[in-house]
Amino acid sequence: MISSLNNSIAVYRQELLKHKLYKNILQPEDLKIFLEHHVYAVWDFMSLLKALQQQLTCTTSPWLPVGNPETRYLINEIVLAEETDINKEGKRQSHYEMYLDAMIACGANTENIAGFLQNLANGTTINNAIANSQLPASIKQFLEFTFSVIAEGHPHKIAAAFTFGREDLIPDMFSAILKEMQQHFPEFNIEKLVYYFDRHIELDEDEHGPMALQMVSELCGTNEQKWAEATEVSIEALKVRIELWNGIYEEIIAKNKAKASV
């Protein structure tokens with residue numbers, strides 16, 4: 001069943017892997033634009049993760065043995081690493097916090113994402129926070145999709161968006177871009193960002209990737225309708241990722257054209 005799902009999403013994966021965005025991240029300013037958009041995907045990934053944990057384990061008291069112990073183990077192992085991994089300095093941090101630190105080191109703007117999360121902390125609903133924000137349409141669309149899947153509350157759909165909607169090969173590609181950028185701009189501080197992507201590659205290949213695939217298999221089982229729904233969600237997740245990439249690409253091109261015309 002996993003192989004069939006992979007076949008169904010292959011064309012969208014290839015579109016992502018060959019996206020023109022990658023060849024246009026050439027200057028530090030281009031990278032900053034990428035980071036300021038992509039951070040929302042890093043954050044909402046954590047929201048997918050916690051939605052899965054709430055669905056597949058007991059997160060309230062009194063404790064009850066919810067669901068399949070194997071699935072509980074899989075999601076708790078992923079949560080452990082994503083929420084409390086080891087950063088470049090050897091201290092515990094979530095991957096989102098690592099990413100923020102890397103953005104700051106690069107000189108990227110973190111005020112917008114901080115303000116967005118502060119609105120949520122102050123009690124604004126996620127739908128209102130998205131609708132009332134000044135975020136680009138591509139980011140809004142990306143977030144709306146994520147939280148619509150979460151709101152439906154179907155574990156197999158959330159797991160599909162989590163597993164297949166987050167392109168495993170993209171960190172590898174960006175690691176290569178960053179290392180090349182290090183050579184051309186040695187004064188540009190991207191060591192924390194390189195560490196972030198390298199860490200993602202290590203975890204996804206060795207641990208999280210196989211665990212996530214196993215989790216989808218456990219949740220869909222032999223139910224053909226669930227596999228069909230998981231496939232549909234995976235395709236939609238990749239489509240909104242492509243639109244996110246389109247939005248970043250267009251902003252980079254527009255800014256470079258404006259700079260050239262001055």
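This is a short tour of some salt bridges in the structure, which is a predicted model. There are 6 salt bridges in total, and we'll visit a few of them.

**Stop one: Glu83 and Lys50.** Select these two residues and show their side chains. They meet in a salt bridge, with 3.4 Å from N to O. Now colour the helices: Glu83 sits in helix H3 (residues 69–83) and Lys50 in helix H2 (residues 28–56), so this pair ties together parts that are 33 residues apart in sequence. Turn on the surface, too. Is Glu83 buried, exposed or partly exposed? Glu83 is partly exposed, at a relative accessible area of 33%, and Lys50 is also partly exposed, at 25%.

**Stop two: Lys88 and Glu191.** Next, pick Lys88 and look for its salt bridge with Glu191, where the closest N and O atoms are 3.6 Å apart. Which parts of the chain does this pair link? Lys88 is in the loop between strand S1 (85–86) and strand S2 (92–93), while Glu191 belongs to helix H10 (residues 191–220). These are distant parts of the chain, 103 residues apart. On the surface, Lys88 counts as partly exposed with 40% relative accessibility, and Glu191 is partly exposed with 46%.

**Stop three: Glu236 and Lys239.** Finally, select helix H11 (residues 224–261), home to both Glu236 and Lys239. They are 3 residues apart, about one turn of the helix. Zoom in on the side chains: this is another salt bridge, and its closest N and O atoms are 3.7 Å apart. Glu236 is partly exposed, at 32% relative accessibility, and Lys239 is partly exposed as well, with a relative accessible area of 34%.

How values were computed:
Residues are numbered from 1 along each chain as its sequence is written. This is a predicted model: local features need pLDDT of at least 70, side-chain atom pairs count only at pLDDT 80 or more; totals for chains, interfaces and linings use all residues. Side-chain values use heavy atoms; hydrogens and water are left out. A salt bridge is a side-chain nitrogen of Lys or Arg within 4 Å of a carboxyl oxygen of Asp or Glu. Helices (H or I, at least four residues) and strands (E, at least two) are DSSP runs, numbered from the N terminus. Buried means under 20% relative accessible area, exposed over 50%, partly exposed in between (1.4 Å probe, protein chains only).
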